[in-house]
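Me: I've just opened this one and don't know my way around yet. Can you walk me through it?

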Amino acid sequence: MNLSELIAKMRVIFGDNKVDVDEVRRAMESYKSNPADWRHFAQFDPNKYTRNLVDTGNGKYNLMLLCWGPSMASAIHDHTDAHCFVKILDGALVETKYEWPKGDGEKLQVKERTIYDTDGVSYMSDTLGLHRMENTSHTQGAVSLHLYIPPYTTCNAFDERTGHKTACTVTFYTKYGCKVDYNKSKEGTCSGQELKEITTSFCYATPSPSDSDTDSEPMSEAVSTV
Ligand SMILES: [Fe+2]
């Protein structure tokens, strides 16, 4: 099975509104990472990890690639009632799970810490607490495939020392391979086109150097989550 076939399988699995966690996990596990399938989506930024939208599953879910430079990590965050699956496509990520804060001002308690290597799959939801994902390698990047059901656009980030939470917005570095410009619209544009109208067959080109120089991520990206 290649990535296109996995995407097609996801669309079948989510043809109805039920989420069978085991079935989705099996599908994610049955795909074996092949960089030729996903290289065109894997666009890195030297200063932060990136989210690169791959498929929206007819509005049922968001499937995206995250690209992590060495030592990059997410904030500790919740998942706004979404199911979250993560499959490692390259490198390794460490997941640290935390208990929900018991009261404001208290340090978050670590539940468990797990290393996921290439082709490993993790599952997370609000019923399991909070988590942080990180690339602990100081020299190697990492790439991961994330599936969120339903798609979510906002979540909360938590301060590890105090449990204090901050609302944050989920934005994309690229959609369908196109660098997103959020200056002109909330959905983002690519070369002046509304990205919500672009299909997965449209734009696989790597941005030109001039595009990369004009990073237009919104300020709401100040707190990053996955
Ligand atoms: Fe997450």
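Me: What share of the residues count as buried?
Reply: Of the 226 residues, 35% count as buried. Keep in mind that this is a predicted model.

Me: Ok. What does the secondary structure come to?
Reply: Four helices and 15 strands.

Me: And the contacts, how far apart in sequence are the residues they join?
Reply: Take contacts between residues at least 6 apart in sequence. Of these, 70% join residues at least 24 apart.

Me: Let's do the sheet. What is the strand order in the open sheet of seven strands?
Reply: The order is 7-4-9-2-1-12-13, and the pairing is mixed.

Me: Which strands stand at the edges?
Reply: Strand 7 and strand 13 (178-179). Each has a single partner strand, so one side of each has no neighbour in the sheet.

Me: Stay with strand 7. How does strand 4 pair with strand 7, parallel or antiparallel?
Reply: Antiparallel, over four bridges. Strand 4 covers residues 83-90. One bridge partner to look up is Met124 in strand 7, which goes with Cys84.

Me: Which residues of strand 7 are on the covered face, and which on the uncovered one?
Reply: Ser122 and Met124 are on the covered face. Val121 and Tyr123 are on the uncovered face.

Me: Further in, how many bridges join strand 2 to strand 9?
Reply: Seven, and the two strands run antiparallel. For a landmark, find Cys67: Val143 in strand 9 stands opposite.

Me: Now the inside. How many residues are in the largest nonpolar core?
Reply: It has 40 residues. Leu65 and Leu147 have the most contacts inside this core. Helix 1 (3-13), helix 2 (21-30), strand 1 (50-55), strand 2 (62-68), strand 4 and strand 9 (142-149) each give two or more residues to it.

Me: Why would nonpolar residues sit together like that?
Reply: As a general tendency, nonpolar side chains are buried together in soluble globular proteins.

Me: What does Leu65 touch?
Reply: Skip residues up to four places away in sequence. Then Leu65 touches Trp38, Phe41, Ala42, Asn52, Val54, Val143 and Leu145.

Me: And which residues does the second core include?
Reply: That separate core has seven residues, among them Ile76, Tyr98, Ala157 and Phe158.

Me: Switching to helices. At what angle do helix 1 and helix 2 pack?
Reply: About 170°, with their axes 10 Å apart. That makes the two helices roughly antiparallel.

Me: Which residues meet there?
Reply: Helix 1 brings Leu6, Lys9, Met10 and Ile13. Helix 2 brings Glu23, Val24 and Ala27.

Me: Met10, then. Buried or exposed?
Reply: Buried, because Met10 has 20 C-beta neighbours inside 10 Å. Leaving out residues up to four places away in sequence, Met10 touches Ala27, Gly57 and Leu63. Tyr61 is 51 residues from Met10 along the chain, yet their C-alpha atoms are separated by 9.3 Å.

Me: Where does UniProt place a binding site?
Reply: The unreviewed UniProt entry puts the "binding site" feature at His77, His79 and His131. These residues span 55 residues in sequence, but no two of their C-alpha atoms are more than 9.2 Å apart, so they gather at one spot.

Me: Which strands hold His77 and His131?
Reply: His77 lies in strand 3 (residues 76-77). His131 lies in strand 8 (residues 130-134).

Me: Are those two buried or exposed?
Reply: His77 is buried, with 25 C-beta neighbours inside 10 Å. His131 is buried too, with 24. Setting aside neighbours within four places in sequence, His131 is in contact with Ile76, Glu95, Thr96, Lys97, Tyr98 and Met124.

Me: Last topic, backbone oddities. Which peptide bond is cis?
Reply: The bond from Ile149 to Pro150, with omega near -10°. Pro150 is in the loop between strand 9 and strand 10 (154-158).

Me: What about Ser71 and its phi?
Reply: Phi of Ser71 is near 65°, which is positive, and Ser71 is not a glycine. Most residues other than glycine have a negative phi. Ser71 is in the loop between strand 2 and strand 3. Ser71 is exposed, with 11 other C-beta atoms within 10 Å.

Me: And where is Thr80?
Reply: In the loop between strand 3 and strand 4. Thr80 also has a positive phi, about 45°. With 16 C-beta neighbours inside 10 Å, Thr80 counts as partly exposed.

Conventions. Residues numbered from 1 in each chain as written. Predicted model: local features only at pLDDT ≥ 70, side-chain atom pairs only at ≥ 80, totals over all residues. UniProt positions renumbered as here; feature names shortened; annotations may be inferred. Buried ≥ 20, exposed ≤ 12 C-beta atoms within 10 Å, placed from the backbone. Contact = placed C-beta atoms within 7 Å. Pairing = 2+ DSSP bridges. Core = buried A, V, L, I, M, F, W, Y, C linked by C-beta atoms within 7 Å. Axes fitted to C-alpha atoms, helices over the stretch in contact; angles between N-to-C directions. Parallel < 35°, antiparallel > 145°, perpendicular 65-115°, else oblique.
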